[in-house]
Amino acid sequence: MESLSPAALQSILDDIAAAMAQRSDRGQPASYIPELGRVSPQHFGIALCLPGGQTLLAGEATTRFSIQSISKVFTLAIALGRLGDDLWQRVGREPSGAAFNSIVSLEHDQGIPRNPFINAGAIAVTDAILEGLQPRDVLAELLRFLRVAAGDEDIHIDKTVAASERAHAHRNTALAEFMAAHGNLRNPAALTIGTYCHQCAVEMTCVQLARAGRFLAGLPAAPRLVSPARVRRINALMLTCGHYDASGDFAYRVGLPGKSGVGGGILAIAPGRASIAVWSPGLDAQGNSRLGAEAMEHLARATGWSVFG
Ligand SMILES: NC(=O)CC[C@H](N)C(=O)O
């Protein structure tokens, strides 16, 4: 299992794409962001970056999609770089066991979100990196980070998706205002939420996303954006919190740190071995890509890459 050749891995990816093309139970695209609701659930793509520098792909791996909450991994990396451990005064490191947009635990925990990957936590992270800056500066920094991480300048924000989410951001605004009521917001809620909606509207392909995740997998070709100690911690949070109230299920089925988004993307990290991105827009009841999680499960089984041995 240790040394699957790129050719053997390519045939696994081809098998996965062929199996997923047959599936009829694909889930529904997120409709609470109208622009995402228009995307067909028929799409499927997967890409994988290896330590030798190869990128393997199958299906629609060069089609752009909305990365949505996968952006939270990158804003967390930026925030930890900027604030260090002070960030943990504003956001916790525990799985929430609740939906990604839940407000329940926020009241219980006096305005300190459980972790940086649920919406409330990601909004607090964005608010932290926005302090003293303008939204355009933060978004430019995020795009810069992603472009360096992926080694690809052609990464942008889909303004139509951002506007579509912004026009329906009542729940996220409520989360921000609730944190403000507890003194855990530094900027006007509208400014932080506007920035957050734009960060979620970054569009990337599976190839770009897998390449952007190489630094988390510690691949030799990856740019050194974050220290190994911090990478370990980001991976720990992805494993425990990256799929919201399905994080335990993803760890059980796949056994890799992963982060999902309601655009249907998942970024998963096999430390030292691969950075993997998959996209299929149909979601399950927890808001995670249904076929994306299945594809990751298939891949982990076929490669033996689970971090649990
Ligand atoms: N799980 C997600 O991808 C959620 C992100 C989305 N932009 C939201 O805030 O609702």
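Before we start, a quick bit of vocabulary: Ala, Val, Leu, Ile, Met, Phe, Trp, Tyr, Cys and Pro count as nonpolar, Asp, Glu, Lys and Arg as charged, and the others, Gly among them, as polar. Also keep in mind that this is a predicted model.

**Exercise 1.** Sort the residues of the shell around the ligand by class.

*Solution.* Start by listing who is there: Q68, S69, F100, N101, N119, E165, N172, C200, G261, V262 and G287 surround the ligand. Now apply the classes, and the shell comes out as 3 nonpolar, 7 polar and 1 charged.

**Exercise 2.** Work out where the ligand lies relative to the domains.

*Solution.* First, split up the chain: domain 1 covers 6-66 + 204-303, and domain 2 covers 69-200. Next, check who feeds the shell. Both domain 1 and domain 2 give residues to the shell around the ligand, so the ligand lies between them.

**Exercise 3.** Describe how domain 1 meets domain 2.

*Solution.* Count the contacts: 32 residues of domain 1 touch 33 residues of domain 2. On the domain 1 side, the elements giving two or more residues are α2, α10, α12, β6 and β7. Of these, α12 gives the most, with 6 residues. By class, that side has 18 nonpolar, 9 polar and 5 charged residues.

**Exercise 4.** Decide how helix α3 is oriented against helix α6.

*Solution.* Take the geometry: α3 (residues 71-83) and α6 (residues 135-150) pack at about 105°, with axes 10 Å apart. Angles from 65 to 115 degrees count as roughly perpendicular, so α3 is roughly perpendicular to α6. Finally, find the touching residues: F74, T75 and I78 from α3, and E141, L142, F145 and L146 from α6.

How values were computed:
Residues numbered from 1 in each chain as written. Predicted model: local features only at pLDDT ≥ 70, side-chain atom pairs only at ≥ 80, totals over all residues. Near = placed C-beta within 6 Å. Domains from an automatic or database assignment. Contact = placed C-beta atoms within 7 Å. Helix = DSSP H or I, 4+ residues; strand = E, 2+ residues; numbered from the N terminus. Axes fitted to C-alpha atoms, helices over the stretch in contact; angles between N-to-C directions. Parallel < 35°, antiparallel > 145°, perpendicular 65-115°, else oblique.
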